[in-house]
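Biologist: Before we discuss any details, could you please put the model on the screen?

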Amino acid sequence: MKCDVLIVGAGPAGSGAAKAAAENGAKTICIDKKLVIGLPVECGEAVGLGLPKEFGIKIAPEAICMKHKGTVFWANQEVKIDNCSPIWKSMSVNRHIMDKSFAIDAARSGAKVLVNSELIDSEIEDKIIKSVTVSHKGYEISIIPKIVIAADGINSKIAEMLGRRKFKDIEIGKVAGYEMTNLNLREKNKIQMFFEEMCGMGYGYIIPKSRDSANVGFGSLGIKKAPWDAFNDFLEEHPIVAPQVKHASIIEVKSGEAPISGPLSDSYLGNAMFVGDAAGQNLSHVGEGAVPSHICGRIAGKIAADVVKSKNIQNISIYPKMINDALGPLFNHCDSIRENIIKIWTSKLPVEKRFLIGTVLVSELIPPNNKELLDRFERIDVSDVVNETSLLIRKENIEANITSNQF
Ligand SMILES: Cc1cc2nc3c(=O)[nH]c(=O)nc-3n(C[C@H](O)[C@H](O)[C@H](O)COP(=O)(O)OP(=O)(O)OC[C@H]3O[C@@H](n4cnc5c(N)ncnc54)[C@H](O)[C@@H]3O)c2cc1C
C-alpha cells in the first residue's frame with residue numbers, strides 16, 4: 001500500500017491528524033492495533049469545557065455523561081478549595097465513544113481507518129521512514145508513506161525506531177484507577193482532587209459520571225509504594241474517600257501512564273511528526289490530554305498534507321511553531337504551574353505547607369509566576385496562607401472559596 005500520510009494510532013491525536021490530513025487532500029491511512037478504538041479505557045474521562053469551545057472541537061453528544069459545576073481540591077485532608085470558575089468547569093465523557101466518534105469523523109473526511117493493525121517494523125534510512133510493516137489479522141502488510149504521524153501514545157514505537165529520547169521515569173505519572181458504582185458521592189456534580197503526602201507529587205481523584213458512579217483514581221509520582229498498593233490505601237484509609245467508596249462496586253479498571261513532561265522539544269524527526277501523548281502534548285500539571293492531543297493532531301495532519309503538496313520535506317519544520325502558536329501559552333502556563341509545584345513539593349518546607357501551597361497553585365488561585373506571593377506563603381503560617389488566599393479570592397472576584405477544618 002502507498003499513501004501520502006500514515007498515522008499510527010487512532011486515539012484522539014491520531015484521529016485529529018487523520019481528519020485534517022484527509023480534508024486537506026492527502027491520501028491518508030490511520031492504523032491502530034486495538035480491536036475496538038478507545039478500549040480499554042485508560043482515562044479519568046474528564047474534559048475541560050474551554051478547549052473544545054475555543055478550537056471548535058465537537059464532542060459527540062452521545063459520549064457526554066454529565067457536566068461538572070467545578071472542582072473541589074483537598075490539601076492534606078484539611079483545606080478545601082471549591083473552585084467553580086470557568087477553567088474548572090468540565091464534563092465527563094465515555095472515552096471509547098468519544099474516541100470512536102473522532103475516528104468516524106476522520107473516516108468520513110476521507111481517511112482510511114484500519115483497526116487490528118499493529119505497526120511492528122520499519123525500514124529507515126537517514127531518519128526517513130521509507131516503509132513500515134503492519135501486522136493485520138495475522139498477515140503482514142507493507143505500507144510506503146511519504147509522511148508518518150506518530151500518534152502511538154506514551155510508549156511510541158516510532159519514537160523507539162527513530163531513536164528519539166524516551167520519557168524519563170520522573171516524567172511519567174502512573175495511574176491506577178477504577179470506574180466505581182453505588183458510590184456515596186460527597187460532591188455529586190464536581191470533580192474532587194486530593195493532594196497530600198500519600199500521593200507524592202501526584203494526586204487522587206473522583207470524577208463523577210452519574211449521581212452514584214465515578215472514575216476514582218490515583219496518579220502517583222515520586223513515592224516508594226507501588227501504584228496499586230497506594231491506590232488501595234487511598235480507597236480504604238483516606239478519611240474523605242473511604243466513606244464515599246465503602247459500599248461501591250468496581251465495574252471497570254481504568255489505569256495507565258500519562259506523560260507529565262510538558263511538550264517535548266523534538267516533536268519531529270526526518271519525515272515523522274509526533275503528536276499527543278507521544279509528544280507530551282497535554283496540560284502537564286494535571287495530565288489532561290484527550291482534547292489537547294486531538295487539537296495538536298489536527299495541526300499535524302494539516303501540515304503533513306501541505307508538506308506532501310509542496311514536495312519539500314523541509315517544510316515539516318514549521319510544526320513546532322504551529323503548535324506553539326495555537327497552544328504554546330497554555331502549555332507554558334501548565335508547565336510553569338507544574339515546575340513550581342515540583343519545586344515546592346521537593347523543598348524542605350513542612351509537609352502541610354508543601355501540599356497546601358501546591359494545591360493553591362494547581363487550583364490556579366494564584367498565578368505561577370507570582371514569585372513574591374509564593375515566597376511569602378513559604379514564610380507565613382498555614383492558617384495565614386488560607387486567610388490570605390481567601391482575601392485574594394474575594395479581591396479578584398474568583399468564583400471559589402477556601403475553608404479549613406482545622407481552624
Ligand atoms: C489513567 C489515566 C487517566 C487519564 N485521565 C485523563 C482525563 O481525565 N482527561 C484527559 O483529557 N486525559 C486524561 N488522561 C490522558 C489521556 O488519556 C491521553 O492524554 C490521551 O489519550 C492521549 O491521546 P493520544 O491519541 O495521544 O494517545 P492514546 O489515546 O494513548 O492513543 C494511542 C493509540 O496508538 C495505538 N498504538 C500504539 N502503538 C501502536 C502500534 N505499534 N501500532 C498501531 N497502533 C498503535 C494505541 O492502540 C492507541 O489507540 C489520562 C491518562 C491516564 C493513563
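Modeller: Here it is, and we can begin with one helix.

Biologist: Which residues of α3 are buried?

Modeller: This is a predicted model, in which local features need pLDDT of at least 70 and side-chain atom pairs count only at pLDDT 80 or more, while totals for chains, interfaces and linings use all residues. Residues are numbered from 1 along each chain as its sequence is written. A residue is called buried if 20 or more other C-beta atoms, placed from the backbone, lie within 10 Å of its own, exposed if 12 or fewer do, and partly exposed in between. By that count the buried residues of α3 are Arg95, Met98, Asp99, Lys100, Ser101, Phe102, Ala103 and Ala106.

Biologist: Against which elements do the buried residues of α3 pack?

Modeller: Helices (H or I, at least four residues) and strands (E, at least two) are DSSP runs numbered from the N terminus, and contact requires C-beta atoms, placed from the backbone, within 7 Å. The helix itself covers residues 95-108 and reaches 20 Å between its end C-alpha atoms, close to the 20 Å expected (1.5 Å times one less than its number of residues). It is followed by Gly110, whose phi is positive, near 115°. The partners of its buried residues are α1, β2, β7, β8 and α7.

Biologist: Why does α9 count as largely enclosed by the rest of the structure, and which elements do its buried residues pack against?

Modeller: Helix α9 spans residues 351-362, and the 16 Å between its end C-alpha atoms agrees with the 16 Å that its twelve residues should span. Ten of those twelve residues are buried, so the helix is largely enclosed by the rest of the structure, and Lys353 and Arg354 are among the buried ones, as are Phe355 and Leu356. Just after α9, Glu364 takes a positive phi of about 60°. The elements against which the buried residues pack are β5, β6, β13, α8, α10 and α11.

Biologist: Is Glu288 buried or exposed?

Modeller: Glu288 is found in the loop between β19 and α7, and it is in contact with Ala46, Gly48, Asn282 and Leu283 once neighbours within four places in sequence are left aside. Because it has 20 C-beta neighbours inside 10 Å, Glu288 counts as buried.

Biologist: Which residues come nearest the ligand?

Modeller: The shell around the ligand divides into 14 nonpolar, 14 polar and twelve charged residues. Among the elements that each supply at least two of these residues are α1, β3 and α7. Of the 40 residues around the ligand, those that come nearest are Gly9, Gly11, Gly256, Gly276 and Gly289.

Biologist: Which residues touch the most other members of the largest nonpolar core?

Modeller: A nonpolar core is a set of buried Ala, Val, Leu, Ile, Met, Phe, Trp, Tyr and Cys residues joined through C-beta atoms within 7 Å. Of the 120 residues in the largest one, those touching the most other members are Val5, Ile149, Ala150, Met273, Val275 and Ala304.

Biologist: Which helix supplies the largest share of this core?

Modeller: Ala150, one of those well-connected members, is in contact with Val8, Ile158, Met273 and Val275, among others. The largest share of the core, eleven residues, comes from α7.

Biologist: What is the radius of gyration of the chain?

Modeller: The chain has eleven helices and 20 strands, and buried residues make up 51% of its 407 residues. The globule rule, 2.2 Å times the number of residues to the power 0.38, is applied to C-alpha atoms. With 407 residues, a compact globule would have a radius of gyration near 22 Å, which agrees with the chain's 22 Å.

Note on methods: A residue is near a molecule or strand if its C-beta atom, placed from the backbone, lies within 6 Å of it. Ala, Val, Leu, Ile, Met, Phe, Trp, Tyr, Cys and Pro count as nonpolar, Asp, Glu, Lys and Arg as charged, and the others, Gly among them, as polar. Two residues are in contact if their C-beta atoms, placed from the backbone, lie within 7 Å.
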